[in-house]
Structures are given as structure tokens and as C-alpha cells.
Amino acid sequence: MATTSSIPNAPINLLALTEPEMVTFTRAQGWPDYRATQILRWLYQRRAQTIADMTDLSLRDRSTLAESARIGRATGCTVLRSQDGTRKLLLPLDDGLMIEAVLIPDDERLTLCVSTQVGCMLDCGFCLTGTMGLKRNLKAHEIVDQVLAAQDRLDARERVTNLVFMGMGEPLANVDALETAVACFTNKSWGLGWSPRRITVSTAGLASRLKRVAALGINLAISLNATTETQRRDLMPAANDLASLRSLLAACRRYPLALNRRLTFEYVLLAGVNDLPSDAQRLAALLRNIQCKVNLIPFNEFPGSRFRRPLDRDVLRFQATLRHTGIDAFVRKSRGRDVLGACGQLGEQPVRPGSIALTPIESRC
Ligand code: SAH
């Protein structure tokens with residue numbers, strides 16, 4: 001993370017400082033080290049929007065701080081509400097680009113889905129984000145700000161129960177920022193204090209970086225989506241160049257899992273392409289002896305895509321075939337499709353509420 005801005009004498013963004021950088025910064029002001037923790041708590045636990053909010057710092061210290069620093073929270077966030085309660089947040093970045101985060105209520109859970117990149121370089125054939133190309137990696141504080149912005153907009157009785165890195169981008173292609181952001185979410189002293197078990201990172205399969213996810217203690221989801229090398233190369237060519245199906249599964253088998261934890265495999269169901277009983281059988285064979293569950297995601301359609309969403313009947317048949325082999329398989333509910341907030345629908349599309357037919361599958365069994 002940068003401690004200084006590229007513009008000389010521009011105020012430092014306090015959110016862009018890591019804990020050690022904050023200590024260096026407060027020492028440079030001649031302050032005791034505990035002041036660093038005090039400021040970090042204001043930023044993350046109390047979500048201060050301005051330095052003036054930091055009321056346990058003396059007025060003098062606050063004005064000294066305001067001379068050289070600022071709190072670079074995104075302003076002008078737009079919230080789109082889906083009929084099903086899903087809320088999509090559009091956050092403008094300093095350079096004018098936009099990022100998206102999605103709040104998804106489901107029974108007792110409230111899951112927040114965050115982005116790690118603007119766009120994505122992988123360009124998987126079924127994903128809208130891929131059609132944008134990669135604009136840039138998000139900085140760690142831009143990832144964290146999605147959480148802070150969402151928390152600011154919760155109703156009084158709501159709290160985020162789960163965080164998933166399944167928004168725009170490939171999280172493991174921006175793994176340094178991912179690690180810094182996760183540290184903010186899990187730090188108990190000044191951060192959000194969340195258990196790493198509440199956090200899941202989803203990857204298209206950057207096999208060589210799975211170790212770094214393991215070290216964070218968070219959950220890992222792998223977007224498999226295909227059961228043969230040819231099929232995967234067709235659907236996810238760039239991801240497949242980085243790791244073949246075979247080497248990805250080998251990395252999954254090596255992944256250090258605690259006894260009571262399991263990997264998640266995501267599988268986007270595309271009508272007539274990878275949703276046949278033979279696909280389900282091959283999938284079951286590939287996952288044999290891996291501690292895992294499978295999340296089936298019926299394809300969410302977007303204008304211009306060459307794929308179609310399978311019939312509910314075919315989705316349930318695929319699930320039943322997997323279950324028959326002893327694999328725990330779930331169908332992910334499609335949420336927020338009317339605000340283009342569902343999986344693979346984050347990207348540059350004009351939002352015309354009501355323009356997309358809703359065909360929810362409500363069977364999370
Ligand atoms: N790049 C990461 C995270 C972002 S995508 C990854 O690939 O895992 C999150 C999930 O949505 C992935 O499992 C992906 O396969 C799925 N997905 C992408 N586009 C989709 C679409 N149009 N319909 C349904 N799921 C989609």
C-alpha cells in the first residue's frame with residue numbers, strides 16, 4: 001500500500017495505511033503508538049467519515065491530523081433494490097471507475113458479495129464481467145470500503161453474517177490486496193473482528209495461489225464449471241491456460257483442510273452444454289475423495305450471451321445425480337436478477353429494472 005500520494009502534499013488517505021504504516025505515521029506526528037490503534041478503530045469499527053468524528057482525540061490533534069490526512073471513503077454510492085430484497089451498491093472510485101457489491105438476505109443470513117477488480121482479465125464465456133476486460137486491480141482499501149459502505153446502509157437490526165469474494169474480478173489475481181483486506185475484516189483489536197470462517201474466496205482456478213488462501217484460514221470455493229479439459233478450455237480459456245483441470249484438481253487434493261472443513265466447487269449450469277447426466281457423473285468421479293460440497297449455479301442470462309439457463313427440471317436432475325453418488329450438492333438461488341446483481345451479471349450493462357425475466361429457483365435444499 002502507498003503511504004504517500006503521488007501528488008506532493010496531497011493529504012494521506014488513512015484507509016490506505018496498513019497497521020505498521022499507521023504506527024509510522026503517528027510516530028511522525030510525535031504521538032504515542034496507541035494512537036495508531038485508536039485511529040484504526042475509528043476507521044473500521046466506528047466507520048468514521050471525517051477526522052472531526054474522532055472525538056477521543058483532542059481538538060488540537062484532530063486539526064493536526066486533518067492538515068495532512070483524510071478518510072478516503074467513497075462518496076455518491078447508488079443503491080439498487082431488487083424485488084427480492086437484494087441490494088446492489090454501485091461505488092464510484094477516485095479515478096471515476098465504478099465497482100459493485102451486492103447484499104443478499106437469505107433467512108437468517110445476510111451475505112455481502114464484494115469485487116476485487118474492476119472488470120476481469122479471464123473472460124470466461126458465460127460471465128458478463130469478463131466482457132469488460134480488466135480495467136484495474138482494486139486497492140485493499142477499495143475492497144474494504146465496499147464492506148464499510150454496505151454496513152452504513154444496513155437497517156438497524158441487520159448485520160452482515162457472511163462475506164464472499166465473488167463479485168467482479170478474480171480475487172487471486174489481486175491476492176496482495178485480498179490479504180490486506182482480510183486482515184482488516186478479521187483483526188480483533190481494531191478491525192471488524194470477523195471469524196475467517198465467515199469469509200469465502202472464489203477463484204476461477206489460480207492453482208498456484210491456493211496456498212495463500214489456506215494461510216488466511218478463510219473458505220475456498222473453486223469455479224470448476226466443466227468436467228473435461230476440452231469443455232473447460234472452451235468455457236474458461238484463460239483460466240485453463242493458467243491451470244488445466246487436472247492440475248487444478250491436483251492442487252485441490254493437496255489443499256490443507258481441517259477435518260471439519262470442506263472445499264466448495266461451483267458449477268454454472270449451461271443448458272445443453274454441461275448440464276447432462278453424463279456431466280454430473282463425470283463431476284462426481286472427479287471429486288471422489290475430496291472433502292467438498294458442490295454449489296450449482298443455473299446460468300444467469302444477460303443480453304448477448306450465447307448460453308441459456310437450463311430448465312428447473314434439468315437443474316434438479318443434475319443435483320439428484322450428484323446426491324445419488326453421496327456428494328452434497330446445493331442449487332444457488334438466483335438473487336437480484338432484476339438489478340443485474342446475480343452471479344456473472346456484474347459489469348457494464350444499463351440497468352433497466354423489469355427488463356429481465358425472473359425465473360428464480362428457490363430450492364436451497
Ligand atoms: N472470478 C471468481 C469470482 C467471480 S464469479 C471465480 O471465477 O470464481 C463468481 C461465480 O459466478 C463463479 O463461480 C462463476 O463461475 C459464476 N458465474 C459467472 N458468470 C455467471 C453467470 N452468468 N451465471 C451464473 N453464474 C455465473
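Which elements make a right-handed β-α-β unit with β9 and β10? Helix α5 (residues 175–186) joins these two strands in such a unit. A crossover counts as right-handed if, with the strands pointing away from the viewer, the path from the first strand over the helix to the second runs clockwise. Helices (H or I, at least four residues) and strands (E, at least two) are DSSP runs, numbered from the N terminus.

The model is predicted: local features need pLDDT of at least 70, side-chain atom pairs count only at pLDDT 80 or more, and totals for chains, interfaces and linings use all residues. Residues are numbered from 1 along each chain as its sequence is written, and side-chain values use heavy atoms, with hydrogens and water left out.

An open sheet of ten strands runs in the order β3-β4-β5-β6-β9-β10-β11-β12-β13-β14, with mixed pairing. Two strands pair if DSSP finds at least two bridges between them. The edges are β3 (78–81) and β14 (328–331). Each has a single partner strand, so one side of each lacks a neighbour in the sheet. On average, neighbouring strands are turned by 20° against each other, direction ignored. Axes are lines fitted to C-alpha atoms, for helices over the stretch in contact, and angles run from 0 to 180 degrees between N-to-C directions.

Strand β10 (residues 199–203) pairs on both sides. With β9 (residues 162–165), the pairing is parallel over three bridges. Leu163 has Ile199 of β10 as its bridge partner. With β11 (residues 219–223), the pairing is parallel over four bridges. Here Thr200 is matched by Asn219 of β11. Helix α6 (residues 210–216) completes a right-handed β-α-β unit with β10 and β11. Five of the five residues of β10 are buried (under 20% relative accessible area; exposed is over 50%, partly exposed in between; 1.4 Å probe, protein chains only). Ile199, Val201 and Thr203 lie on one side, Thr200 and Ser202 on the other.

Elsewhere in the sheet, β4 (residues 87–92) and β5 (residues 98–106) run antiparallel, joined by six bridges. Lys88 has Val102 of β5 as its bridge partner.

Helices α1 (residues 19–28) and α2 (residues 34–44) pack at about 125°, with axes 8 Å apart. They are therefore oblique to each other; angles under 35 degrees count as roughly parallel, over 145 as roughly antiparallel, 65 to 115 as roughly perpendicular and the rest as oblique. Contact (heavy atoms within 4.5 Å) involves Met22 and Val23 of α1 and Ile39 and Leu40 of α2, among others. Nine of the eleven residues of α2 are buried, so the rest of the structure largely encloses this helix. Its cover includes α1, α3 (59–68), α4 (140–152) and α5.
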